[in-house]
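Student: I've just opened this one and don't know where to start. Could you walk me through it?

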Amino acid sequence: GVGHAQIEIALADVDEHALAIACLQRKRRRWRRLKRSARHLKMLAHLSGKGFSYAVSRAAAETYRDDAD
């Protein structure tokens, strides 16, 4: 394998927040008719399923919700 230090270096430039927003944008049409609270839960569940941390998921869902409303 690859050492922990090499992994950290490789992932240092990755913007998880931007990736999470992009992931949400691909699903926006599917969720547009849901109520705001249900849509928020769907966003969190979707991002969690994709491997994003709760903190990144919550921040992305809040940002996306602010942009969409």
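Student: What share of the 69 residues of the protein counts as buried?

Tutor: Keep in mind that this is a predicted model. A residue counts as buried when its relative accessible area is under 20%. Of the 69 residues of the protein, the share that passes is 26%.

Student: Is H40 buried or exposed?

Tutor: Let's place it before we judge it: H40 sits in helix α4, which covers residues 36-49. Its relative accessibility is 13%, and the cut-off for buried is under 20%. So H40 counts as buried.

Student: Which residues does H40 touch, not counting those up to four places away in sequence?

Tutor: Leave out the sequence neighbours up to four places away, as you say. A contact here needs heavy atoms within 4.5 Å. What H40 then touches is A61, E62 and R65.

Student: How many helices and strands are there in the protein?

Tutor: Read along the sequence, the pattern goes α-α-α-α-α. That gives five helices and zero strands.

Student: Why is the protein called more spread out than a compact globule?

Tutor: For 69 residues, the globule rule gives 11 Å. The radius of gyration is well over that, so the protein is more spread out than a compact globule. The C-alpha atoms fill a box of roughly 45 × 20 × 20 Å along the principal axes. The radius of gyration behind that verdict is 14 Å.

Student: How far apart are the mean positions of the positive and negative charges?

Tutor: The protein has 14 positive and 8 negative charges. Take the mean position of each group, and the two lie apart by 16 Å.

Notes: Residues numbered from 1 in each chain as written. Predicted model: local features only at pLDDT ≥ 70, side-chain atom pairs only at ≥ 80, totals over all residues. Heavy atoms only, no water. Helix = DSSP H or I, 4+ residues; strand = E, 2+ residues; numbered from the N terminus. Rg over C-alpha atoms; globule rule 2.2 N^0.38 Å. Buried < 20%, exposed > 50% of the residue type's maximum accessible area, 1.4 Å probe, protein only. Lys, Arg positive; Asp, Glu negative; His and termini not counted. Charge placed at Lys NZ, Arg CZ, Asp CG, Glu CD.
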